[in-house]
Amino acid sequence: MNQINRRESLFRLGTSLGGIASAALLAQDARSTEAMLAQDARSSDGAEGPMSPKIGHFPAKAKNCIFLMMEGGPSHIDTFDPKPALDKLHLKEFTREGEMKSAMESGKRYYVASPFKFAKYGESGAAMADNWSHLSSVADELCFYRGCQVDSVNHPTAMYQMNCGDRFGGDPGIGSWVTYGLGSENQNLPGFLVLPEVSYPQGGAANWSNGYLPAFYQGTPLRAKGSPILDLQPPPGITSARQRANLDFLSQVNADHAAKHPDHDDLNARMESYELAFRMQMEVPDAVDLSGEDAKTLAMYGIGGGATDSFGRKCLLARKMVEKGVRFVQLYNGSWDSHDYIERAHGNLVRGVDQPIAALITDLKQRGLLDSTLIVWCGEFGRTPDNGVRGGVAYGRDHNPNAMTIWMAGGGCNAGHTIGATDETGTNAVENVHHVRDFHCTLLRLLGLDDNKLTYYHAGRFKQLSQFGGKVIHDLIA
């Protein structure tokens with residue numbers, strides 16, 4: 001007899017007889033599907049499992065995604081959205097009040113002109129701060145979007161919304177949704193890999209959680225220092241044959257237990273994780289080893305170059321993972337939360353990521369992988385054109401959910417174009433304005449997925465990345 005949890009029981013009691021029957025059938029179908037996938041996952045002889053490649057809802061150029069998350073909220077005004085009007089307003093003080101204004105944006109304030117100079121690059125004439133000296137060389141590969149808005153000014157909730165579609169945590173990450181919809185092309189590596197900083201971003205590992213999706217789709221973080229994955233090699237004296245025999249015995253015991261408890265999905269996922277870990281021992285050492293790259297490639301990414309070394313390694317590792325068929329790779333860099341001294345803070349941050357990101361785009365293009373790899377660059381929100389007077393003047397910016405810049409490259413995006421605009425001070429998006437849920441729908445569409453069809457039955461309803469549906473921003477698609 002199938003088990004029904006308390007939430008589902010209450011849901012069924014509160015509906016009509018037809019609704020009860022419908023809910024029962026839907027829930028039973030969902031459990032049957034999960035059981036079938038779990039049964040496939042238990043097979044170690046190459047049979048299809050939940051992470052096997054799947055066909056999307058639409059034909060799409062993009063097969064993989066590299067998501068560059070600049071945690072902390074990079075300033076659009078000081079990177080890719082010049083505001084010359086602020087030059088005349090610089091240091092002009094004013095007072096902002098209102099019941100709907102947060103403590104951060106209220107009180108005595110002053111405008112801040114960007115300390116960076118801007119120029120136009122490429123045939124597209126993309127506007128970029130001139131300290132992006134490497135990225136500017138591939139400006140025509142970029143599609144800038146200036147119309148995105150989010151709901152929160154708090155880092156953890158804004159991170160959750162950008163990464164999972166929901167401000168309150170507990171929902172699946174974008175990479176989980178993508179691998180749920182498309183599987184992965186390499187069954188010996190996780191389909192969703194995360195390359196965080198030494199300290200996790202605000203909100204922690206929930207930013208790449210599988211949420212209510214089966215545990216197969218959870219993001220797997222690689223360590224920022226030392227071996228990316230601990231215990232890759234078996235203990236001395238333990239052969240692969242002995243490991244295989246132990247896993248086969250454990251698999252049989254677990255399979256017998258799972259047959260008696262078909263609703264215990266965590267057990268199925270744990271069984272698959274053992275099998276994946278065994279396969280990873282063969283695949284991962286080569287995948288994370290950068291010593292086989294030639295000196296020219298290492299230099300292009302800035303590896304061994306001080307400020308660029310850390311993020312350069314992540315970008316090169318992302319390229320290697322995409323080459324090996326990993327579906328979704330997310331890289332973190334931070335913190336871009338520059339409330340004060342933005343010239344120094346943003347200057348150092350740009351110096352660390354500019355060369356590696358440009359190298360990633362160039363390298364993928366040279367290898368014929370850029371068309372099939374969607375690259376996304378963003379933070380969790382933008383920055384204000386002003387700052388609060390807090391015991392003195394320090395040229396920085398506060399959080400701004402109403403204006404931000406996101407850019408994409410490769411994967412069928414509308415490269416060489418700037419879509420949307422913000423007002424003269426960069427306070428609000430005013431052209432081609434869309435909530436982040438619409439951007440998420442667009443990202444999925446570029447990968448061949450329909451947000452309205454990519455759903456999962458949970459807690460009495462079908463859930464999706466956008467929460468309750470959104471619109472594709474067609475101007476962002478070539």
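In this predicted model, strand β6 (residues 142–145) pairs with strand β16 (residues 417–419) in the parallel sense over 3 bridges, and within that pairing Cys-143 of β6 has His-417 of β16 as its bridge partner. Strand β6 also pairs with strand β15 (residues 406–409), here in the antiparallel sense and over 4 bridges, with Tyr-145 standing opposite Ile-406 in β15. The points below continue with the strands, and then turn to the aromatic rings, to one tryptophan and to one helix.

**Strands and their pairing**

- As background, the strands of a sheet are held in pairs through backbone hydrogen bonds, and the pairing can be either parallel or antiparallel.
- The side chains of β6 point in two directions, with Leu-142 and Phe-144 on one side and Cys-143 and Tyr-145 on the other, and all of these residues are buried.
- Strand β5 (residues 126–129) is likewise covered on both faces, since Ala-126 and Met-128 on one side and Ala-127 and Ala-129 on the other are all buried.
- The partner of β5 is strand β4 (residues 118–121), and the two pair in the antiparallel sense over 4 bridges, an arrangement in which Phe-118 stands opposite Ala-129 of β5.
- Strands β4 and β5 form a hairpin with 4 residues between the strands, and in this hairpin Gly-122 takes a positive phi near 70°.
- Elsewhere there is an open sheet of 3 strands in the order β2-β3-β13, with antiparallel pairing; its edge strands are β2 (93–96) and β13 (386–388), each of which pairs on one side only.
- Neighbouring strands of this open sheet are turned against each other by 40° on average, if direction is ignored.
- Within the open sheet, β2 and strand β3 (residues 107–111) pair in the antiparallel sense over 4 bridges, and the bridge partner of Phe-94 in β3 is Arg-109.

**Aromatic rings and charges over rings**

- A pair of aromatic rings is described by two values, namely the distance of the centres and the angle of the planes.
- With ring centres required to lie within 6.5 Å, the count for this model comes to 18 aromatic pairs, and one of them is the edge-to-face pair of Trp-177 and Tyr-180, at 6.0 Å centre to centre with 70° between the planes.
- Because Trp-177 and Tyr-180 are 3 residues apart in helix α5 (residues 174–182), about one helical turn separates them, and both Trp-177 and Tyr-180 are buried.
- Another edge-to-face pair is formed by Trp-336 and Trp-377, whose rings are 6.4 Å apart centre to centre, with 90° between the planes.
- This second pair links distant parts of the chain, 41 residues apart, as Trp-336 is in the loop between β10 (328–334) and α10 (342–366), whereas Trp-377 is in strand β11 (residues 373–378); Trp-336 and Trp-377 are both buried.
- Trp-336 and Trp-377 also belong to a cluster linked by ring pairs, in which the other members are Phe-80, Trp-132, Phe-144 and Trp-407.
- Charged side chains are found over rings as well: Arg-344 lies over the face of Tyr-341, at 5.0 Å from the ring centre, and the charged end of Arg-445 sits over the ring of Phe-58, 4.0 Å from its centre.

**The surroundings of Trp-208**

- Trp-208 is placed in the loop between β8 (192–195) and β9 (220–221), and because its relative accessible area is 1%, Trp-208 counts as buried.
- Leaving aside neighbours within four places in sequence, the residues in contact with Trp-208 include Ser-176, Phe-192, Val-194, Tyr-200, Gln-218 and Tyr-332.
- Asn-163 is 45 residues away from Trp-208 in sequence, but the two are 7.3 Å apart in space, C-alpha to C-alpha.

**Helix α9**

- Helix α9 (residues 309–323) has 15 residues, which at 1.5 Å a residue should span 21 Å, and this agrees with its end C-alpha atoms, which are 21 Å apart.
- Of the 15 residues of α9, 12 are buried, so this helix is largely enclosed by the rest of the structure; among the buried residues are Asp-309, Phe-311, Lys-314, Leu-317, Arg-319 and Val-322.
- Just after α9, Gly-325 takes a positive phi of about 95°.

Note on methods:
Residues are numbered from 1 along each chain as its sequence is written. This is a predicted model: local features need pLDDT of at least 70, side-chain atom pairs count only at pLDDT 80 or more; totals for chains, interfaces and linings use all residues. Side-chain values use heavy atoms; hydrogens and water are left out. Rings of Phe, Tyr and Trp (its six-membered ring) pair if their centres lie within 6.5 Å; planes under 30 degrees apart count as stacked, over 60 as edge-to-face and the rest as tilted. Buried means under 20% relative accessible area, exposed over 50%, partly exposed in between (1.4 Å probe, protein chains only). A charge sits over a ring if NZ of Lys or CZ of Arg is within 6 Å of the ring centre and within 35 degrees of the ring normal. Two strands pair if DSSP finds at least two bridges between them. Axes are lines fitted to C-alpha atoms, for helices over the stretch in contact, and angles run from 0 to 180 degrees between N-to-C directions. Contact means heavy atoms within 4.5 Å. The expected span of a helix is 1.5 Å times one less than its number of residues.
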